[in-house]
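Me: Hi! Could you walk me through this one while I have it open? I'll jump around a bit.

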Amino acid sequence: MEIKQLIYFREVALREHISEAALELEIAQSAVSRQIANLEKELNTTLFLREGRNVKLTDSGELLLTQTNRILNLIEETKDLFIHQEHSDRRSIKLAYTESYVSQALPAIIKTYERDFKIEVRPMMMTPLEIEEGLLSHQIDVALCELTPKLTNNKHTIKHTLFEETYNLYVHNNNDLSMNPKPPLSQLSQQYIYHFNTLPDQISQLIRKHASQKTYPISNFALLRQTLLSEKGVLIVPDYLSNGIENEQLTKIPLTHTELKRTINIVYQDNNQNSKLKTFIEHTRSLLQRQATYH
C-alpha cells in the first residue's frame, strides 16, 4: 500500500466520480482506476460500487476512508511539525559549552543578545567529545570550549581564542608547600588533591601525569573549606572560582607557571547555514573577551 494510492482513493471517495478525481489530481483517469484496482487486490475487498457514472463506497470502502483520513492527516501534521521545527531552528541558535568561566558569563551574553537581536539562544552544557560530534553533525551551531584534536585538525572548523583559563593551588598555612610560590606539580605527589565539583579531563590528566595522584571532587564550598582548614589535603581550583575559598589560614598559590591551563575558544563550522550565527559570534567574542579580561 502506497501513500499515493490512499490519496487517489480519498479523492475518488469524496467526489464519487473517477474522472473528476483524476481531473483534480491532474493525472490520467486510467492511472486512478489502476491504483484503485491495485488497492482492492491488495486488501482483497471491493471498495466502490458503480451507480451509473458515479461510484459509491462499500462498507469496506467506508472503513478504509476512515483509516485513510487518519493516515493522511498524520502525515500532514508530521510535515507541519518539521516545517515548524526548521523555522524555529532558523530563529534560534543552539549553543554548547563546557564548564568554565563561560558558565558564569553566559547569562549576560544570552540576555543581551536576545534583547538586541530578538533571537532565541538555547544553551547546552556538553563534554568536549559531545561538542565535537554535535558541531560536525550540525546538531549545534556554535560552542564555547577547549578544542579536541579532531576539531583542531578539521578544515571546516573555525576557531577564535577567547581566553586562557588558569588554576590556583590552596594549601593550609602549615603545609610546607605554602613556602614555595612556584611549586612544581610533582611536589603534590604526597598530597590529597581536592577540586570543586567537576574538573576537566585535560586538567585531571595533567595532574596525574606530573603528580601521580588522583583528584577528589567536593561539590559544597563549605565542606571544601572545612576540609582544607582541617589540613586534610590541598585544593586545585580555576581562578574564576577562587573568591569562594579565600581564608586567612589558607595560602593561595597561582599555578600559571605550570601546564595547568586550558584555552577556551568559540568554535563553529564554516558551512553552517544559520544566518544569525555571525551576529552571535561577534556579540559573544566582544562581551566574553571583555569580561574575561576584567575578571
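**Helices and their buried sides**

Reply: Happy to. Let's start with H1, where the buried residues are Gln5, Leu6, Tyr8, Phe9, Glu11, Val12 and Ala13. Please keep in mind that this is a predicted model.

Me: What span does H1 reach from its first C-alpha to its last?

Reply: H1 covers residues 3–15, which is 13 residues, and reaches 19 Å. That is close to the 18 Å expected at 1.5 Å a residue.

Me: And what follows H1?

Reply: Glu16 does, and its phi is positive, near 55°.

Me: OK, on to H3. Which of its residues are buried?

Reply: In H3 they are Ala31, Val32, Gln35, Ile36 and Leu39. Looking down the axis of H3, these buried residues fall within an arc of 135°, so they line one face of the helix.

Me: How many residues does H3 have, and what is its reach?

Reply: H3 runs over residues 29–43, has 15 residues and reaches 21 Å between its first and last C-alpha, close to the 21 Å expected.

Me: What comes after H3?

Reply: Asn44 follows H3. Asn44 has a positive phi of about 55° although it is not a glycine, and it is found in the loop between H3 and strand S1 (48–51).

Me: Is Asn44 buried or exposed?

Reply: Asn44 is exposed, because its relative accessible area is 70% and the exposed class begins over 50%.

Me: Where else does a positive phi turn up on a residue that is not a glycine?

Reply: Glu231 is one of them, with a phi of about 60°. Glu231 sits in the loop between helix H9 (221–229) and strand S9 (234–238), and with a relative accessible area of 46% it is partly exposed. There is also Lys118, just after H5, with a positive phi of about 55°.

Me: Since you mention H5, which of its residues are buried?

Reply: H5 spans residues 102–117, and its buried residues are Val102, Ala105, Leu106, Ile109, Ile110, Thr112 and Tyr113.

Me: Switching topic: what does UniProt say about residues 1–58?

Reply: The unreviewed UniProt entry annotates residues 1–58 as "domain: HTH lysR-type". In the model, that stretch is 62% helix and 14% strand, and its end C-alpha atoms are 19 Å apart.

Me: Leu23 caught my eye. Which helix is it in?

Reply: Leu23 is in helix H2, residues 18–25.

Me: Buried or exposed, for Leu23?

Reply: Leu23 counts as exposed, at 69% relative accessibility. Leu23 and Ile93 are 70 residues apart in sequence, and their C-alpha atoms are 45 Å apart in space.

Me: Now pockets. How much space lies in the largest pocket?

Reply: About 680 Å³. It is lined by 26 residues, and the closest to its centre are Pro128, Glu146, Leu199, Pro200 and Asp201.

Me: Which elements supply its lining?

Reply: Helix H6 (128–136), strand S6 (157–172) and H8 each supply at least two residues of the lining. The largest share, three residues, comes from H8.

Me: While we're at H8, what about Ser204?

Reply: Ser204 is found in H8, which covers residues 201–211. Ser204 counts as buried because its relative accessibility is 9%, and the cut-off is under 20%. Leaving aside residues up to four places away in sequence, Ser204 touches Leu199 and Thr215.

Me: Glu146 came up for the pocket. How far is its C-alpha from that of Thr263?

Reply: The two C-alpha atoms are separated by 5.7 Å, with their positions 117 residues apart along the chain. Thr263 is in strand S11, residues 261–269, and counts as partly exposed at 33% relative accessibility.

Me: What does Thr263 touch?

Reply: Beyond residues up to four places away in sequence, Thr263 touches Cys145, Glu146, Thr161, Phe163 and Glu164.

Me: Last one: where is Asn173?

Reply: Asn173 is in the loop between S6 and strand S7 (193–196), and at 33% relative accessibility it counts as partly exposed. Asn173 and Glu248 are 75 residues apart in sequence, with their C-alpha atoms 8.5 Å apart. Setting aside residues up to four places away in sequence, Asn173 touches Ser178, Glu248, Gln249, Leu250 and Thr251.

Note on methods. Residues are numbered from 1 along each chain as its sequence is written. This is a predicted model: local features need pLDDT of at least 70, side-chain atom pairs count only at pLDDT 80 or more; totals for chains, interfaces and linings use all residues. Side-chain values use heavy atoms; hydrogens and water are left out. UniProt positions are given in the numbering used here, feature names are shortened, and annotations may be inferred rather than shown by experiment. Helices (H or I, at least four residues) and strands (E, at least two) are DSSP runs, numbered from the N terminus. Buried means under 20% relative accessible area, exposed over 50%, partly exposed in between (1.4 Å probe, protein chains only). Contact means heavy atoms within 4.5 Å. The expected span of a helix is 1.5 Å times one less than its number of residues. The arc is that of the directions from the helix axis to the C-beta atoms. On a 1 Å grid over the protein atoms alone, a cavity is a set of points where a 1.4 Å probe fits but cannot get out, and a pocket is an open set with protein on both sides within 12 Å along at least five of seven lines; lining residues have an atom within 4 Å of a point. Grid points are joined across faces, edges and corners, and a volume is the space filled by probe spheres set on the points.
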